[in-house]
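Good morning, everyone, and thank you for making time for this. I would like to walk slowly through one structure with you, taking the inside before the surface.

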Amino acid sequence: MGASQTRAEHQYQDLADKTGFSFEQIKNLFQRFQQLSGNEETISRANLDSIPALANNPIRKQIIGAFFDKRNQHQDEVGSCDQIGFEQFLMVMSHFRPPNLRTTDEEKEAMRKEKLRFLFNMHDSDNDGTITLAEYRKVVEELLSKSGEIGQETAKAIADAAMLEVASINVPNMGPEEFYEGITFEHFEEILKGLEMESRMHIRFLDVDTSTMRCGKSQS
Amino acid sequence: MPAKRDSHSPAGKSLPERGLLLLIVLVLLQGSVLPLGAASSPNTSRNDYVDNPQVKVGKSNYTKKAFPVLTLDYHHIQAPFEISLWILLASLMKLGFHLIPRLSGIVPESCLLITVGLLVGGLIKLAGEDVPPVLDSRLFFLCLLPPIILDAGYFLPIRPFMENLGTILMFAVVGTLWNAFFIGGLLYAVCQIQPANPSILHKIELLPCLLFGSIISAVDPVAVLAVFEEIHINELLHILVFGESLLNDAVTVVLYHLFEEYSGAGTVTVLDCFLGIISFLVVAIGGVLVGVIYGLLAAFTSRFTSHVRVIEPLFVFVYAYMAYLSAEVFHLSGIMALIACGATMRPYVEANISHKSHTTVKYFLKMWSSVSETLIFIFLGVATVDGPHHWNWTFVTVTVLLCLVSRVIGVVGLTYVINKFRIVKLTTKDQFIIAYGGLRGAIAFSLGFLLKKDLFPMREMFLTAIITVVFFTVFVQGMTIQPLVELLAVKKKQEAKRTINEEIHTQFLDHLLTGIEDICGHYGHHHWKDKLNRFNKKYVKKCLIAGERSKEPQLIAFYHKMEFKQAIEMVESGGGFKMPSAMPSTVSMQNIQPKKPPPAKPVEKAEKAPSQLPKGREEEIRKILRSNLQRTRLRLRSYNRHTLVADPFEDGFDDLLIKKQKMIELEKKIKDMNNYLTVPAAPPDSPTMCRARLSSGKDTDFKPAQQQKGNKTGPDPQSYRAKPESDSVPTIHVDLASPQSPDSVNVMDEFRRAGQQRGGERGEEDQGLMMRPHKTGEGADGKDPQKLTRCLSDPGPSADEEEDQPFLA
């Protein structure tokens, strides 16, 4: 451990710059990563699939899918990979960082966009820039997949109603011949305006010494 | 139109005066009637009222008086009569204030009500009567307070409350403690300062000062509710201030009893402090526990009420009141018990009881709480006039100042700590509003009233100081908070209803965050929330909710509720309203259906909705539609005490009417904008034509449908040209073209007939109002008269959106 300390520090600095996590957070996540991968360099779907706590999650498939989705890696690549390294793992995690007090409005806006893009990508499985009705139905079906038969039947109706709502909010006057292709990212933003994603889509990353704590200390 | 309004408003203005006049008359009458009543039946004691006539007859044997044809016995009814009088006064006042729109915009209702109370108290005093001890503590804590708190607890927005629980508790517990000790301690110091001035302040000891501090430091839920309901502040600030005012009850209760106990004994040891802390935990947790137990009992009971629907609402009220009383027996926090009870039972009870019962619960709670609130403020005014006052300038000014200072310091200091743990930080503006929203109210007064004169010789001075602080916060802060909110541009509450997309994504986000937390391998609050939810679904719901609804996931329940509501709206409006979005649009199912080719005839969205329902729901909605159709017939049915067969939507009728009219107006406006701004105005219809159209009811009921169709034919101006004519022909032309659902034909048919019938009824009502606007609106374009009539036939001043929120949430 001691010999690799400096190398790790160096590597962490890199990652911290890229993802915005603190050293402690990265360290914690790295430990978890190793635990999940069985001390391998990369992690595979099967590794994530075997997390027992995840077994009850109705959208498990999509969550795991998001980790292997290249679109979530801040690169312009498309498609999915089978294995991801720690850096990619962190990249996906970085979508769930909370904003802090010093985040400016522009940064918050960017953060919101980024988080929404992540969600959008989860829904838009074929990456054509729109969530089609079929895709949306699938999302709702997954969401209700734990509630058995009634869930599946209703899922379709709910997705239809939701789609209809999106269409009527965004394109209020539509002729009968026109066809609403699907939800584009702009429309997606529009319908989720009220949810305040930037402050809601976050988890508390475990760390002993968070950045906010440090900021408090430096002030006092 | 202006003439109309002018003729209305004097009547509106005179109403409060009239109400007051009525009261004066009644009060005077009471004075004169009292001896009279006593004289007329001197022999009857209170006990033998029941068989009064017989007694009289018996007695007439020896007095040989003629049988009294008319007797006056005021004592017999005095108590209930006076109570009714007070309630009537309160309701009339409330009514009066809402008839004067400008006044309620400037002055909060609470201020006006206190003023009314002052006037009434003054009048009673002038009349030489004893002012009744209206705000005595028993009445206040046992009758007036519970409805308000239950209303608050039952409709508590659980999600924001739980998300901010830490902050709320911090403010409620630490903040209140700080306030109590800061005010009490400094007040004692100030009292000791003036050695030169041989005032009575010297005699005050430390403990009474602290007691006074603890009474005056608690933020009052009634006052906060009254003011915050009017300023429509954003959800976060509202829940912070309101939550604090609810939860600080436990602290107040403990401090109050502690200091009251020891001010007799004189000394406080460390052990006492320790016991105080233990007692706080017991009071708070015990209160919540009592509430939860009663809440679960209520939920369990409501599981079996499906055969006796009429008494369902009663269970909600009675169990909640029992929870309050049971908590009070042990001096636990009754307020917390009520809140816990209301919040616990709501999701289960709502799933169990019928839609009608739910509406009843909603309205009863709102009615009770608003009457209670009104009465409390009026009584506060009356008690001010009544009470023996001891005005001490130093004491009162110092108290007011200390209250303000300690509140500001407390909020700023606590936010500094809290912000280190919060994700969404509280800004300076937020802190200001939280500090400024710390209103004191009638609870403080009642607690002060409870003090015993022999233990606290300063009681009157305390009461005067409490009243001053209450008046200061309610009048000065309550009146200025609205302009300040505007000035600071504090974020307001979003009025928009929850859309189904938002609901889907809220659920999605919950699962997503839980999943990410699980992958991270540590258990944050999403994880525990998920665990709790699963436990709830697996065990609790099964026990407490009857039938298949217990298995219904939240999203589906939400969707069904929405659909249900929509169906009701459809019945009421006669069609046209689609998904919950406020925007009227022409987008219909076919626009998003990729597979089927566009059907030949345009499909109305509203018609589609019922066809997608699952079997049970569909049956339910069908029943509604049918019963609506048969309303007149059903009215003749025999009255049954245990079931309410008829009146499908009498309860929510007005509500829906208002909303419907708003919707139609909005839709019209938008259509007008779309169509008539670009297209030359349609030739104005003759007034008679308009009237005929309105009285046939087609205009109001089927307008949206026709407009949509008009729109669908294409964007060329020609089609709009033709529209006014098609309007005036009183035929209903609705295309039934949802090929995949044969059911919808059936439903549509009924719904159309219902619309027709209702249209007829409405038309009659409208006619009286319609004559004037046509004359004034004739010069304008053809659309104008219709808009005017719509304004006039609007039954209420404004639709209360708040009322519907709990139903959807």
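To begin, how many cavities of 30 Å³ or more does the structure hold? Bearing in mind that what you see is a predicted model, the structure holds 13 cavities of that size. I would like to stay with the second largest of them, whose volume is about 80 Å³.

Which residues lie nearest the centre of that second largest cavity? Its lining is made up of 13 residues, and the ones nearest the centre are Ala218(B), Val219(B), Asn248(B), Thr252(B) and Ile443(B). If you look for the elements that give two or more residues to this lining, you will find α11, residues 235–265, and α18, residues 442–450, both of chain B. Of these, α11(B) gives the most, with four residues. As for the character of the lining, eight of its residues are nonpolar, three are polar and two are charged.

Let us move to chain A for a moment, and to Met122(A), which sits in helix α6, residues 105–123. Is Met122(A) buried or exposed? Its relative accessible area is 8%, and because a residue under 20% counts as buried, Met122(A) is called buried. In sequence, Met122(A) and Ile63(A) are 59 residues apart, yet in space their C-alpha atoms are 7.9 Å apart.

Now to the surface of chain B, where Val308(B), Val310(B), Ile311(B), Leu314(B), Val318(B) and Met322(B) form a nonpolar patch that has, together, about 440 Å² of accessible area. One of these residues, Val318(B), belongs to helix α13, which covers residues 312–329 of chain B, and with a relative accessible area of 42% Val318(B) is partly exposed.

After that helix, in the loop between α13 and α14 (334–352) of chain B, we meet His331(B). Its phi is near 55 degrees, which is a positive value in a residue other than glycine. His331(B) has 45% relative accessibility and therefore counts as partly exposed.

A second residue to look at in this way is Ala489(B), found in the loop between α19 (459–488) and α20 (500–520) of chain B. Here, too, phi is near 55 degrees, a positive value in a residue that is not glycine. Why is Ala489(B) described as exposed? The relative accessible area of Ala489(B) is 54%, and because the word exposed is used for values over 50%, Ala489(B) is placed in that class.

Thank you for listening, and I am happy to go back to any part of this.

Conventions
Residues are numbered from 1 along each chain as its sequence is written. Chains are lettered from A and ligands numbered from 1 in the order in which they are written. This is a predicted model: local features need pLDDT of at least 70, side-chain atom pairs count only at pLDDT 80 or more; totals for chains, interfaces and linings use all residues. Side-chain values use heavy atoms; hydrogens and water are left out. On a 1 Å grid over the protein atoms alone, a cavity is a set of points where a 1.4 Å probe fits but cannot get out, and a pocket is an open set with protein on both sides within 12 Å along at least five of seven lines; lining residues have an atom within 4 Å of a point. Grid points are joined across faces, edges and corners, and a volume is the space filled by probe spheres set on the points. Ala, Val, Leu, Ile, Met, Phe, Trp, Tyr, Cys and Pro count as nonpolar, Asp, Glu, Lys and Arg as charged, and the others, Gly among them, as polar. Patches are made of residues with over 30% relative accessible area and no salt bridge: like charges are joined within 9 Å, nonpolar side chains (Val, Leu, Ile, Met, Phe, Trp, Tyr) within 5 Å. Accessible areas come from the Shrake-Rupley method with a 1.4 Å probe; for residues, only the protein chains shown count as cover. A salt bridge is a side-chain nitrogen of Lys or Arg within 4 Å of a carboxyl oxygen of Asp or Glu. Buried means under 20% relative accessible area, exposed over 50%, partly exposed in between (1.4 Å probe, protein chains only).
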